[in-house]
Amino acid sequence: MLRVILELFRIITIILVIGMVMGFIINSIYAIFGINVGNTTGGWIVAMGIFPLLYVLYKNRLQFSGFYKNGGQVKLSNRATTILLCSSVLMLTVAPLFR
């Protein structure tokens with residue numbers, strides 16, 4: 001039970017820390033081009049575009065190095081990974097249009 005709680009804490013930390021870093025990087029890239037998506041609908045689309053990236057990162061890499069070990073841990077299929085990454089890139093690409 002303790003391992004499950006530690007893994008949940010780890011997942012929340014990953015989402016917060018890596019998500020904030022990714023958001024900062026993406027907003028910095030937008031700022032280079034003179035685009036500000038903060039406090040707009042585009043900002044929400046950026047946030048929703050980061051979540052699939054974090055999910056793919058966790059399911060394909062990070063879950064195997066955590067506290068909770070289970071025989072049912074498998075990577076995402078190549079098709080699911082491709083669909084999630086493409087949808088994420090699409091959201092990050094169209095986000096500046098909604099500012």
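Which helix does Arg10 lie in? Arg10 sits in helix H1, the stretch covering residues 2-32. Hi everyone, let's use that residue as our way in. Before we go on, please keep in mind that what you see on the screen is a predicted model.

Let me start with the overall picture. The protein has 3 helices and 0 strands, and reading along the sequence gives the pattern α-α-α. The C-alpha trace spans about 45 × 30 × 20 Å along its principal axes. There are 99 residues in the protein, and 27% of them count as buried. The exposed surface comes to about 6800 Å², with carbon and sulfur atoms supplying 73% of it. Now take the contacts with a separation of 6 or more: residues 24 or more positions apart account for 74% of them.

Back to Arg10, then. Is it buried or exposed? Arg10 counts as buried because its relative accessible area is 16%, and the cut-off for buried is under 20%. So who are its partners? Setting aside residues up to four places away in sequence, Arg10 touches Tyr58, Leu62, Ser65, Gly66 and Phe67.

Stay on H1 for a moment and find Phe24, which is also in that helix. Phe24 is a nice contrast to Arg10: it counts as exposed because its relative accessibility is 60%, and the cut-off for exposed is over 50%. Phe24 is also part of a nonpolar surface patch of about 1100 Å². Its fellow members include Ile12, Leu16, Val17, Met20 and Phe33, so if you colour those residues on your own screen, you can see the patch for yourself.

Next stop, helix H2. How many residues does H2 have? The count is 20, and the helix reaches 30 Å from its first C-alpha to its last, close to the 28 Å expected at 1.5 Å a residue. At its N-terminal end there is a cap: a side-chain oxygen of Thr40 lies 3.3 Å from the backbone nitrogen of Gly42. Gly42 is itself one of the buried residues of H2, and others among them are Ile45, Val46, Pro52, Val56, Tyr58 and Asn60. What do the buried residues of H2 pack against? They pack against H1 and H3. You have already met one of them, since Tyr58 was on the list of residues that Arg10 touches.

Now look at Tyr55, which has its place in H2, residues 41-60. Tyr55 counts as partly exposed, because its relative accessibility is 42% and that class lies between the 20% and 50% cut-offs. Leaving aside neighbours within four places in sequence, Tyr55 is in contact with Leu76 and Leu84. Here is a pair to try with your distance tool: Tyr55 and Ile15 are 40 residues apart in sequence, yet 8.9 Å apart in space, C-alpha to C-alpha.

My last residue is Thr81, in helix H3, which covers residues 78-94. Why does Thr81 count as buried? The reason is its relative accessible area of 13%, which falls under the 20% cut-off. The side chain of Thr81 makes a polar contact with the side chain of Asn60, at 3.3 Å. Beyond its neighbours within four places in sequence, Thr81 is in contact with Val56, Asn60 and Leu76. Both Val56 and Asn60 are on the list of buried residues of H2, and Leu76 is a residue that Tyr55 contacts too.

That's my tour, and thanks for listening!

Terms used. Residues numbered from 1 in each chain as written. Predicted model: local features only at pLDDT ≥ 70, side-chain atom pairs only at ≥ 80, totals over all residues. Heavy atoms only, no water. Helix = DSSP H or I, 4+ residues; strand = E, 2+ residues; numbered from the N terminus. Buried < 20%, exposed > 50% of the residue type's maximum accessible area, 1.4 Å probe, protein only. Contact = heavy atoms within 4.5 Å. Areas by Shrake-Rupley, 256 points an atom, 1.4 Å probe, with all protein chains shown as cover. Polar contact = N/O pair within 3.5 Å; in protein donor to acceptor, adjacent residues only side chain to side chain. Patch = residues over 30% accessible without salt bridge, like charges linked within 9 Å, V, L, I, M, F, W, Y side chains within 5 Å. Salt bridge = Lys/Arg side-chain N within 4 Å of Asp/Glu carboxyl O. Expected span 1.5 Å × (residues − 1).
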